[in-house]
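User: I have a model open on my screen and would like a close look at one part of it. Could you walk me through that part and then show me how the rest fits around it?

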Amino acid sequence: MARGRIRAKLRKSHLYSFCLFRSSGSGGQSIGGPGFSRTVYCNEPQVLNQKPYRSNIISTTKYNFFSFLPKALYEQFHRVANLYFLGCAIASLTPLSPFSPVSMIAPLAFVVGLSMAKEGLEDWRRFMQDREVNSRKVHVHNEEGGFGKKTWEDVRVGDVVKVEKDQFFPADLLLLSSNYEDGICYVETMNLDGETNLKAKKALEATLGLDEDDNFNNFKGIIKCEDPNPSLYTFVGNLEYEGKVYAIDPTQILLRDSKLRNTEFVYGVVIFTGHDSKVMQNSTRSPSKRSRVEKKMDYIIYVLFSVLLVISLISSFGFAVEIKYSMPVWWFMRPQDADEYYSPKKPVISGLSHMVTALMLYGYLIPISLYVSIEVVKVLQATFINQDIQMYDEDTGIPAQARTSNLNEELGQVDTILSDKTGTLTCNQMDFLKCSIAGIPYGVSPSEVELAAAQQMANDQEDQGELKTLVASKKEKAHKSPIKGFNFEDNRLMNGNWLKEPTAARIMLFCQILAVCHTAIPELNEETGNYTYEAESPDEGSFLVAARELGFEFFQRTQSSVFVREKYTASGKPIEREYKILNVLEFTSKRKRMTVIVRDEEGQILLLCKGADSIIFDRLSKDGKLYLEDTTRHLNDYGEAGLRTLALAYRKLEESEYTAWNNEFQKAKTSIGADRDAMLENGADMMERDLFLVGATAVEDKLQKGVPQCIDKLAQAGLKLWVLTGDKMETAINIGFACSLLRQGMKQICITESGSEDKQEVKEDILKQITNGLEMIKQENDPHAAFALIIDGKTLAYALEDDMKLKFLGLAVECASVICCRVSPKQKALVTRLVKQGTGKTTLAIGDGANDVGMIQEADIGVGISGVEGMQAVMASDFSVSQFRFLERLLVVHGHWCYKRIAQMICYFFYKNIAFGLTLFYFEAFTGFSGQSVYDDWYMLLFNVVLTSLPVMSLGVFEQDVSSEVCLEFPAVYQQGPRNLFFDWYRILGWMGNGLLCSLIIFFINIIILYDQAFRAEGQTADLAVLGTTMFTCIVWSLNCQIALTMSYFTWIQHVTIGGSIAAWYIFLLIYGALSPRISGDAYQILVEALAPAPIYWQTTLLATIACTLPYMAHIAYQRCFEPEDHHIIQEIKYYRKDVEDQHMWTRERSKARQKTKIGFTARVDAKIRQVRAKLNKKQ
Amino acid sequence: MTDTDRGTQRDRHSAFSLFTQQSLPACKPVLTPEWVIMTFLFIGFIFIPVGLVTLRASHSVVEIVERYDIGCVPEPFRIDKVSYIQDDSIPKNCSLSFKVPKYMKAPIYIYYQLDNYYQNHRRYVKSRSDKQLLHGQNEHGISSCQPVEVNNDRPIIPCGLIAWSLFNDTFTFIRNRAELKVNRKNIAWKSDRGHKFGKNVYPFNFQNGTLIGGGKLNPTIPLSDQEDLIVWMRTSALPSFRKLYGRIEKDLDVDDVVVVHLMNNYNTYSFGGKKKLVVGAKCNK
C-alpha cells in the first residue's frame, strides 16, 4: 500500500511534459463584460451581495404538481380529434344533440383520462430519477470549518467541495488541489464526450497549498467568469486570490457528470450549479418524436374529417329542404308549434343548426378510442420489449427498455442505422492475438472472421480436413485462461520457450519494444499481484499485457525511466532492467507512429518505434528490410482476418548522432512561433528513419458479443449501417473490417481534405472526389461489387455544407457501408439530420456516450447502450439495450411485429368506424335527415369502448405474422416495414373501401329484410328498436369476424377477446333489456321477447356477417394464392412443415432472401469461400 | 448451472413467461387453397338449405294489399282531399272488397300500411314520456313530450306527438254477410303491455286541445289495455311501415269475397301519404 501511495505521489504531470504538441488555451480578456458577468465568492456562498444563482437542483420533468392538469389537458386537446370530441361533448349539452350527453362525455373523459394518467406516470418516473440524482451526497465545507455531507441539491455556488475517487462531480468546479502535490487529477469524461481515456486536469499553482481539510477555514477568493454556456471545451475567467489575479482556463474546470479517477480526492469551488452547469446547458429537451405511421394517421383523420364534413353538409342540406317543403304538411309533427330548429319558416337556421347535430351524429366515423387504444397497445408492446428475456443481458442484469412507447412501430421501418463505434460496436478492449517476428508468424488462435469462414466452409464441404481442424480449434478455445487483452496461443513463445527459437534475439527485441514503447502507467493489483496498465489506448494496454505474458513485465515508471522485469532469461533468474527515457515522440493521427528513444543499462541508445505498417515500411534501412516480404504477407493475412496491425521497428543510435539530433530537437521544442509544430515534426522525422523491421502485431479489437452476426442480420434485413466515430480513420477502418462492414475486395472510396489553406480550393477538391466516386460507381459493371465510403470529420465539415451535402448524400446512399471518422458530436447530429431529411427515410441512431446524445435525439429513433456507466445517452434515447447485438431482435422481431400490429390495427380501426358510422348516415336519408339515430344511445356508447375495442387491441398487442425465430431466420421479411407495405394509401383506402362496402351490405340487408315483414311469430312488424338492434348485431358480428380473418395468430387471448366481444353484446342486451323500461326504453326485453325467438333475426345476422366478410376473404385468398407476400410464403412453408421435412428448400429460401446483401459477415464469408475455393482449385 | 440459471430455465416454461415472451401456444390458420375452397363450399352448404327453406316459407304466404286512401274519398272531394278529411261533418265510412286468391289459414293477420309517414323523425320519436306512460299523473318528466305536453295547464296523458297522432282508421270484415270477428287483443308486445304502459294510467285530457291530431282514447280503459296505442307507440324504423291491426281467427277459402267496411279517419292526404290495408296468412293447409 505504501508503495502505491508513493508512486501516486509522483508528479505524474511530468510524463505529459513529453507531449509534443500542446494546444494553448485562449486567455479571457472580456471578463466583467456582457456574457462574462458571473462572480463567485469562494467559500462564502452566504455573502449578501452574491447574486442568487440557480440552485443545484435539476429537474427534467415536464410538469409539476400545479401545472400538470392544465398542461396535460392542453396536450390532450392539442390533437384535432380530441378537440373535435370536446366540441361534441359541449354541444351534447344543448338540445341539438342526437344523443344523451353522457354518451358523448363518458367516452371522452375515459379516453382523455387514460392518456393523462399515462403522461402522469411517465413524468413521475422522471421525477424519481431526478430525485435520486439530487439526493446524492458530497462533502461540502461548512462554517464550523470541517467538511460535512450534503445532498447535491443543497450545494450552492461558491461552496468548497471535496470529491473522492470514483465519485461524480456535483456541479462545475474550479479545481483547487488534489492529493497529488502538483494538483493533477484524472477525470473520466465519458458522460460528456464518450471518450474513455482519462484526462488530466491541473490546478493553479497558487491554490496547490489548499490540500487539507483545515486549510479552507480562511480561504477566500473571488472568481469572475463567463455566464453559463454550453461549450464544454472553453472556459474564460479569473480567480482573485490573496490579492493576485490568476487566469483560469479549461484545464482547471471539472465538469458535472464527469468522474474522478485514479485520484484519491480533489478540492474544488462550485462555479456553475444545476441547470447552469455546462452539461445541463448542453442537454436539450429531448424532442417529442412521433412515428411515421402516426403522422400518416393524422392525414387519415383529416380525410375522415372531410368525409364527415361532406356527409354532414349533405345531411343538413337535406334537412333544410325537408324542413322547408315537407315539414309544413307533416301535420303529425305540429309544424306550427315548432321551435326554430324545426321551423319551416327558417330553413336556413334549421339547416345550420342541424349541421352541429350531424357532426355529432356522424362522429363515429372518427374513432375516438383510436388514440387511447394505440397508446395502451404501445405501452403493452413496450412492456413486452422490456420483458424479452432474449434482450436481457445476464452479465449486467440489464434488460432492454423502451423508454418511450411512441416509437415501437417506427422500429419496424428503419432504413439506416447510424452507429457510434466505441462502446457500441466494440467493447473498446483489444486482444493480442497474433504476431509476426523476424518473418515467422506466431499465434494459432483464429480470429472471429476466420472461425466463421471455416465453419461455413465445413458446412458446405464436408471433405475439407484442413478446415475441420480450424473449427475444432474453436472448441478448444472455450477453455483457455481468460486474460483480459490477451488471446495469444503459441507454445513456441509461451512459457519462455521462445528462448529455444533460432530468432530468440529478435523475439526479445520485439518484446522490449512492446514493453517500453508506450506512455502507460502500471498499477499493482493488490489481490492478484499482477500489474494492470492505465494506457492511453486499449491497443497499448494489450501490448503491455502481451509483453508481460511473454515474460517482459513492465512494472514501474518514474519520471525518467521505465522498469521491466524479465522473467525468462538465459540464466533462468528474473532480472529487472531499467530503460532511461530520453525522448518520447507521441502518437498522432497524422504521424501514425510512436517512438521512444531510450538508453538501456549497457548505455546503448535505442530508438524503438511502432506504427502503421505503411509508415514504418517507408522508413526502413536497406538492411532493415530483411523480413519485409514475409511480414508484409503476414500483415495482409492479419488484415484479412480483421485484425488491427502495427509494425514494430527499432534502430541503434550512436551517442554522437543522438546528441546532435537532440540539441536540434530541444531547440525546436523551446522555440515559440507558428512554425514550432512543423519544426518538431521535422525533427522527429529526421530521427525515425533507417529503421530495422522486427515484426508486426495483430490485435483483435474485441467486438461486443454478437456484433458481426447482428450486423450481418441487419444487412440481410436490408438496413444500411453508417458508423460515425470519433476515432482515427485507421481504427475505424479496422473496426469496419472486424464487424464485416468492410472486406477485402470491397472498393473503398476515401474522401479526405487536401490540407490546403484555401477553403474554396479544399471544397472543390472534395467535390471532385465525390464526383469521381459517383462516376466510379456508375461505371461499375459487376453486380456484386460493393463500395465503402470513408470520410473524416474535417472533410465532413465541408461535405455537410448546404451546397455539397446532397451530392455527398447521393454518394453515401450508393455505398454499401459508410464510415465517418473523427466526427464531433455535433457532426454526428448533422449527419443524422442529413440522412433523415435527405433520404426521407427512417433513421436509427445508436450510441452509448454523451457525445452521441445529439445524434440520438436527432434521429427518428434513438437507442442508447445502457450498462456502461454513462447514462446520458440512455437518458436521451427512446430505447435502450445493453448490447449492440440486441438491436437485431429489437428491430427484426419487435420492430417488425410492432409495425405490422400498429398498421393493421389502425387500418382496422378506420374500417370499423367507417362501417359503423356510415350506417348512421344511410339511415338519415330515411328519416328526413332529422338526425335520428337508428341505434340506442347505449349501443353507441359501448361500440367503441367495449364491443369492438378488445379484439383490435389484442391484434395490436399480440399479433405475429411469423414467429420470432422465423423473423430472425428471414431478416428479409423486415423489408416490409421500410417499404411500408402495410400502411400505404393503397392499403388504407382498401380498408376504407371495405368499410364502405360493409356498411352498405349491413344496412341494406337489414332494411330490405325488415321493413314490412312480420317479424315475430305473433305477426308484429319490426320497429325502430328492432331494426337498430338487429343491424347492430350484424355489425358486432361482422367486425369481429373481420378481425378474426385479419389475424394470423390465435392464442387463447384472441379467442377470448373476439368471442368475448360478441358474447358481451348479447350479455349487454340481456342486462339492458332486464332493466326498468325507464332506462332501457324501447330496448326493454328486446332480446328475450322479440329477437331471440325470431328466426329471421338470426338469419339476418348470419347473412349480413357472411356477406360482409366474404369479399375480404376472397381478396386475401386471392392475394395469398396469386400475389403472395414474403410472410405468406413463410407461413405456408411453416404450415406444411416443409422446413422440417425439406431442409434443402428451407435453406434455399433463406439464402435467396439475402441475395442482395453486400456487407456483413455472410457476405464476407461468401467472399472468403470464393477465395479458398479458388485456391483449392489451383492446388488440384 | 447456477441457481439463477435454473430459475430462468424454469421460468421459461411457466405460463406467465410464455406470455411475456410472446410465445404462447397459438393456432396459426393459413388460408391455403384447400381451406378457402372448403370454406366457400361450407358456406354454400349452409346457405342453400337455409335459402330453400326460406323460399318455401315465402311461397306459403298469401298477402293481399289494398290501397284505399284515394278510393275512399268520394269523387267530388278528390280535388281537395285534405279539406275532406278535416271536415268532421262528412261521414268517412267507405268499403272495399277483395277476393281471396288462395286458401288462407287462421290466424289471418291484418295490417295497415302507411307510406311517406316519417314516424322515425327525430322530433317525432323524442316526443313521448315513458315515465308518464308507466306511472301516469306526474307533471314532471313530460318536458320531452313537446309540443304536446299540456293543455289548459294540465298534463296530457298520454303526452307527446306520437300519441297525439294516433292512427284511427278502423276496419270491419264481412264475409258472406256475416262479420268476421277481428281479434284486437295481443297485437302489442307483451312486455309493453306489462311493463311499459301502466295498468293504472288512464287517458286524461287527451285530444282536448284546439288541434286534434289522430284518434281518441277511451278514458276508462287503462293504457296497458289500449293496444292500438301501444302498437302505434312502437315507432317504425322507416317512413313506410306496417303495423298490426288485429287477427281473424277463421280460415278463408279460395274465392271467398271479403268486404271491408272502414272508417277513413286518418289524414295522410296533406303529405301525400298512402294508406293500405294488408291481409296476410299462411296458405298451406
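How do strand 6 and strand 7 of chain A pair, and over how many bridges?

Analyst: Happy to, with one note up front: this is a predicted model.

Strand 6 of chain A covers residues 184-188, and it pairs with strand 7 in the antiparallel sense, over 4 bridges. If you want a spot to click on, try A:Tyr186, whose bridge partner in strand 7 of chain A is A:Ala200.

Now zoom out a little. The two strands belong to an open sheet of 3 strands in chain A, with the order 7-6-12 and antiparallel pairing. Strand 7 (199-202) and strand 12 (259-261) of chain A are the edges, and each has a single partner strand, so one side of each has no neighbour in the sheet. Ignoring direction, neighbouring strands of this sheet are turned by 45 degrees against each other on average.

Chain A has another open sheet to look at, this one with 4 strands in the order 1-8-9-10 and antiparallel pairing. Its edge strands are strand 1 (38-42) and strand 10 (244-248) of chain A, each of which pairs on one side only. The twist there averages 20 degrees from one strand to the next. Inside that sheet, strand 8 (residues 221-225) and strand 9 (residues 237-241) of chain A pair in the antiparallel sense, over 4 bridges. A:Cys225 is the residue to find here, as it stands opposite A:Gly237 in strand 9 of chain A.

Further along chain A there is a charged pair. The side chains of A:Arg577 and A:Glu602 meet in a salt bridge, at 3.8 Å from N to O. A:Arg577 sits in strand 22 (residues 575-585) of chain A, while A:Glu602 is in the loop between strand 23 (593-599) and strand 24 (605-611) of chain A, so the pair ties together parts that are 25 residues apart in sequence. Over all chains, the salt bridge count comes to 63.

Some salt bridges run between the chains: the count between chain B and chain A is 4. In one between A:Asp1082 and B:Arg128, the closest N and O atoms are 3.9 Å apart. Polar contacts add to the picture, with 29 residue pairs between chain B and chain A, both residues at pLDDT 80 or more. Helix 3 (residues 33-59) of chain B gives the most to the side of chain B that touches chain A, namely 11 residues. Sorted by class, that side of chain B has 37 nonpolar, 22 polar and 16 charged residues.

As for the whole interface, 75 residues of chain B are in contact with 86 residues of chain A. About 6,800 Å² is buried between the two chains, and carbon and sulfur atoms give 60% of that. On the chain B side, B:Gln22, B:Arg122 and B:Trp189 lose the most area to chain A, together 13% of what that side buries.

Last, a few backbone spots in chain B. Most residues other than glycine have a negative phi, and most peptide bonds are trans. The bond from B:Ala106 to B:Pro107 is cis, with omega near -5 degrees, and B:Pro107 is found in strand 3 (residues 105-114) of chain B. Another cis bond runs from B:Ile157 to B:Pro158, with omega near -10 degrees. B:Pro158 lies in the loop between strand 5 (154-155) and helix 7 (161-164) of chain B. Then there's B:Asn116, which has a positive phi of about 60 degrees although it is not a glycine. Look for B:Asn116 in the loop between strand 3 and helix 5 (122-126) of chain B.

Terms used. Residues are numbered from 1 along each chain as its sequence is written. Chains are lettered from A and ligands numbered from 1 in the order in which they are written. This is a predicted model: local features need pLDDT of at least 70, side-chain atom pairs count only at pLDDT 80 or more; totals for chains, interfaces and linings use all residues. Side-chain values use heavy atoms; hydrogens and water are left out. Two strands pair if DSSP finds at least two bridges between them. Axes are lines fitted to C-alpha atoms, for helices over the stretch in contact, and angles run from 0 to 180 degrees between N-to-C directions. Contact means heavy atoms within 4.5 Å. Buried area is the accessible area (1.4 Å probe) that two parts lose on being put together, summed over both. A polar contact is a pair of N or O atoms within 3.5 Å; within protein, one must be able to donate a hydrogen and the other to accept it, and residues adjacent in sequence count only if both atoms are side-chain atoms. Ala, Val, Leu, Ile, Met, Phe, Trp, Tyr, Cys and Pro count as nonpolar, Asp, Glu, Lys and Arg as charged, and the others, Gly among them, as polar.
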